[in-house]
Amino acid sequence: MRTFLKSFEFAIRGLKHLLLKERNFKIQFTIGLTVLTLSLLVGLEEWEFLWILFSIFFVLSLEGINTIVEELLDFIEERYHKKVEIVKDLAAGVVLLGSMFTVIVATIIFGRALFGISRITGLFFGIILDAFLFGLGLFGGGKR
Ligand SMILES: Nc1ncnc2c1ncn2[C@@H]1O[C@H](COP(=O)(O)OP(=O)(O)OP(=O)(O)O)[C@@H](O)[C@H]1O
């Protein structure tokens, strides 16, 4: 029977794969580390720091799940398939949704800590930034 420690070793192997081989995960991990460092430097309140920490792990977990979906689908069907396209797009959409949430959390919290703006103004800027992200997705794609 596999010991608990052995399962832990497999999990670490999975994390190493994400960190070394997955471009999007690496980018998000780097952004997460930068935000974490900034959080420590600007002296957030405890609950603010916890929300930032949650957001970082949330997006990284979603990106990890997105990678699992992509790997599975590439294994099952290498060729173009409409269903694969839909499922991969759905998984990517979920990551985008999580990222949009994180952007709002970040503008509310860092807006106050760095620029002294109110939470409602931070929320407003977060929504603007999200709309911008959304627009990038809408106009950046086009036909493949
Ligand atoms: N086999 C396929 N059939 C149909 N559409 C696909 C297929 N593979 C990829 N796509 C389309 O291409 C998009 C990007 O897929 P891809 O697997 O390259 O993901 P990615 O986000 O670019 O990740 P990575 O950079 O890790 O490869 C998908 O969202 C989907 O729309």
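Trainee: By class, what residues does the shell around the ligand have?

Mentor: In this predicted model, the shell has seven charged residues, along with three nonpolar and two polar ones.

Trainee: Which residues are they?

Mentor: Going along the sequence, the ligand is surrounded by Glu22, Arg23, Asn24, Glu70, Glu77, Tyr80, His81, Val84, Glu85, Lys88, Asp89 and Ala92.

Trainee: And which elements give two or more residues to that shell?

Mentor: Those are α2, spanning 23–42, and α4. The largest share comes from α4, with five residues.

Trainee: Let me step back. How many helices and strands does the protein chain have?

Mentor: There are five helices and zero strands. Reading along the sequence gives the pattern α-α-α-α-α.

Trainee: What does the C-alpha trace span along its principal axes?

Mentor: About 50 × 45 × 20 Å.

Trainee: What percentage of the chain do buried residues make up?

Mentor: Buried residues account for 16% of the 144 residues. As for contacts with a separation of 6 or more, 55% of them join residues 24 or more positions apart.

Trainee: Back to α4, then. Why does its length agree with what a helix should span?

Mentor: Its 34 residues should span 50 Å at 1.5 Å a residue, and the end C-alpha atoms lie 47 Å apart, so the two agree.

Trainee: Which α4 residues are buried?

Mentor: The buried ones are Val95, Thr102, Val103, Val105, Ala106, Thr107, Ile108, Ile109, Phe110 and Gly111.

Trainee: What follows α4?

Mentor: Gly116 does, and its phi is positive, near 70°.

Trainee: How do the axes of α3 and α4 cross?

Mentor: Helix α3 covers residues 46–76 and helix α4 covers 82–115; their axes come within 10 Å and cross at roughly 170°. The two helices are therefore roughly antiparallel to each other.

Trainee: Which residues make that contact?

Mentor: From α3 you have Glu48, Trp51, Ile52, Ser55, Phe58, Val59, Leu62, Glu63, Asn66, Val69, Glu70 and Leu73. On the α4 side are Val84, Val87, Lys88, Ala91, Ala92, Val94, Val95, Gly98, Ser99, Thr102, Val105 and Ile109.

Trainee: And what is the mix by class in the contact of α3 with α4?

Mentor: It has 15 nonpolar residues, five polar and four charged. Some names come up twice in our chat: Glu70, Val84, Lys88 and Ala92 are among the residues of this contact, and they are also among those around the ligand.

Trainee: I also see Phe75 in α3. Is that residue buried or exposed?

Mentor: Phe75 counts as exposed, because there are 8 C-beta neighbours inside 10 Å, and the cut-off for exposed is 12 or fewer.

Trainee: How far is Phe75 from Leu133?

Mentor: They are 58 residues apart in sequence, and 30 Å separates them in space, C-alpha to C-alpha.

Trainee: New topic: α1. How many residues does that helix have?

Mentor: Helix α1 runs over residues 4–21 and has 18 residues. From its first C-alpha to its last, α1 reaches 26 Å, close to the 26 Å expected at 1.5 Å a residue.

Trainee: Why does α1 lie where it does, largely in the open?

Mentor: The number of buried residues among its 18 is zero, so α1 lies largely in the open. Take Ala11, which is found in α1: with 10 C-beta neighbours inside 10 Å, Ala11 counts as exposed.

Trainee: Where is Ala11 relative to Gly116?

Mentor: In sequence they are 105 residues apart, and in space they are 41 Å apart, C-alpha to C-alpha.

How values were computed:
Residues are numbered from 1 along each chain as its sequence is written. This is a predicted model: local features need pLDDT of at least 70, side-chain atom pairs count only at pLDDT 80 or more; totals for chains, interfaces and linings use all residues. Axes are lines fitted to C-alpha atoms, for helices over the stretch in contact, and angles run from 0 to 180 degrees between N-to-C directions. Helices (H or I, at least four residues) and strands (E, at least two) are DSSP runs, numbered from the N terminus. Angles under 35 degrees count as roughly parallel, over 145 as roughly antiparallel, 65 to 115 as roughly perpendicular and the rest as oblique. Two residues are in contact if their C-beta atoms, placed from the backbone, lie within 7 Å. Ala, Val, Leu, Ile, Met, Phe, Trp, Tyr, Cys and Pro count as nonpolar, Asp, Glu, Lys and Arg as charged, and the others, Gly among them, as polar. A residue is near a molecule or strand if its C-beta atom, placed from the backbone, lies within 6 Å of it. The expected span of a helix is 1.5 Å times one less than its number of residues. A residue is buried if 20 or more other C-beta atoms lie within 10 Å of its own, exposed if 12 or fewer, and partly exposed in between; C-beta atoms are placed from the backbone.
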